[in-house]
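Reader: I should like to learn how to read the place where two chains meet. May we work through an example together?

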Amino acid sequence: MKPLVRQIINLLPAVLALVILPACQTMDAISEVGAAVGQGAGVLTPQQAQSVKKAGSAVGKTFDSITPEQEYYIGRTVGAVVINQYKPLANEEANHYLNVLGQTLAQFSDKPETFGGYHFLIMETEEINAFSAPGGLVFISRGMLKCCKSEDAVAAVLAHEIGHVEKQHGLQAIKKSRITSALTILAVESGKSLGGEDLAQLTEAFEGSIGDITSTMMNSGYARGFERQADQAAVTTLQRAGYDPRALVSMLTEMKKYLKPGGRDFAKTHPAPDDRIADVEKMIGAAAAVPAPVARQARFAQAVGKI
Amino acid sequence: MRQIKRWMGTVGLAALTVVSAWAAAGKMMSVQVKDAQMRDKPSFIGKVVGSLAYGDRVEVQESQGAWARVSLPGGTAGWLHTSALTSQKIALSAGKDDAKVGASGDELALAGKGFNSDIEAQFKKTHKAIDFTWVDKMEKIKIPSLEIQTFLKDGGVVPKGGAQ
């Protein structure tokens with residue numbers, strides 16, 4: 001006999017087709033009525049009817065049904081995949097500096113608390129790149145750090161990545177069908193640990209989700225709107241913390257000199273720096289420039305100036 | 001008359017804001033992060049007065065901006081940033097009743113269900129080349145509040161507001 005989840009997934013369209021409701025009805029209501037009709041017509045056992053009700057309620061759900069704890073596990077694996085592609089830079093001083101700066105900035109973001117917190121790591125590559133995994137694991141390449149001529153510029157890159165975490169852009173790259181399938185398994189199954197086939201199916205949905213996120217981050221890039229949101233979040237975070245948001249413009253200007261058209265880095269996954277500069281300048285407006293004392297520049301040069 | 005209308009509009013708006021405040025006083029909420037620190041004032045520079053764990057139910061005493069003063073029933077009170085809180089209940093141990101509620105229930109989140117350490121273990125089994133050592137190392141890096149305060153001060157970074 002087929003496991004219950006498979007049966008339910010197969011039965012769902014047929015049972016729901018029994019019900020004709022106005023288009024404005026929610027999936028919840030449809031599955032509720034569907035379950036009742038199915039049971040009344042003798043198509044479903046009471047146990048199956050109960051499951052159809054719950055499976056139906058999983059259909060309308062999106063990425064925001066992913067709990068912070070699950071976001072954390074997705075982020076860990078996305079992070080591991082990023083690390084597998086790029087070697088970490090084993091420079092304790094530089095990585096510590098990045099974490100002090102990054103964790104400071106995160107406190108000024110709209111989402112200072114995530115399930116596992118924000119953590120930062122330098123990748124040993126000349127490629128100009130930066131990534132953030134859901135939940136707050138942030139990666140920045142040595143090539144990108146070389147485009148930063150001040151602590152404020154590094155802060156701008158980190159604040160942009162924190163912006164992607166805050167707005168959950170990674171999770172939004174996951175195909176909806178995977179979320180539906182994962183939630184259906186969870187809704188139908190009892191709270192006990194999952195059996196063989198369900199565990200395999202859930203792992204498949206997990207692998208698919210990781211693939212959706214990493215391929216978006218590393219290959220296709222986020223939509224222009226998401227990059228703009230991350231830039232806006234960065235400007236806000238930088239201003240609150242007391243860093244100069246214009247450093248984002250300086251960093252983009254510097255980056256422009258090094259980006260190679262057709263490269264496998266930022267050039268591929270991000271809008272042209274000129275477009276972003278124009279947008280960011282509008283966001284900053286007439287805000288007063290923020291002076292950077294000598295001590296700030298000195299510690300930046302000491303920690304990451306020579307990597 | 002126009003003055004009065006304007007005044008009434010302001011009061012109405014203020015009342016609406018109070019009513020719709022997310023972390024409203026008296027509301028029960030859950031801690032949705034692995035561990036959270038309660039502070040003696042609504043700021044990360046506040047002194048830590050207590051810790052909370054994932055799933056802890058707390059009562060909101062008052063709120064200020066993105067911060068809420070919360071307390072464990074009969075326990076310590078302290079300020080917490082609201083990004084650490086959710087309106088959902090979090091069931092920490094899975095039981096047979098969970099099936100009735102469903103993991104997609106809007107009012108209840110089941111801790112440890114879905115994408116969890118079991119799924120990560122399954123993933124690791126089939127993707128042996130992907131090493132989690134550095135992810136584990138990264139997660140251990142937690143900068144203490146005092147170091148952050150010193151960092152801001154030494155670098156002449158003067159916060160203008162926000163979560164602090």
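Author: The following turns treat the interface and then the confidence of the model. This is a predicted model, in which local features need pLDDT of at least 70 and side-chain atom pairs count only at pLDDT 80 or more, while totals for chains, interfaces and linings use all residues. Residues are numbered from 1 along each chain as written, chains are lettered from A in the order in which they are written, and side-chain values use heavy atoms, without hydrogens and water.

Reader: How many residues does each chain bring to the contact?

Author: Contact means heavy atoms within 4.5 Å. Here chain A brings 67 residues and chain B brings 60 residues.

Reader: What area is buried between chain A and chain B?

Author: Buried area is the accessible area (1.4 Å probe) that two parts lose on being put together, summed over both. For chain A and chain B that area is about 5,700 Å², and carbon and sulfur atoms give 64% of that area. On the side of chain A, the residues losing the most area to chain B are A:Arg76, A:Gln107 and A:Glu113, together 12% of what that side buries.

Reader: How many salt bridges are counted between chain A and chain B?

Author: A salt bridge places a side-chain nitrogen of Lys or Arg within 4 Å of a carboxyl oxygen of Asp or Glu. The count between chain A and chain B is three. One of them joins A:Arg76 to B:Glu139, with the closest N and O atoms 3.3 Å apart.

Reader: What is the mean pLDDT of chain A?

Author: pLDDT is the predictor's confidence in each residue, from 0 to 100. The mean for chain A is 85, but pLDDT stays under 50 over residues 18-27 of chain A. Where pLDDT is low, the predicted coordinates should not be read in detail.
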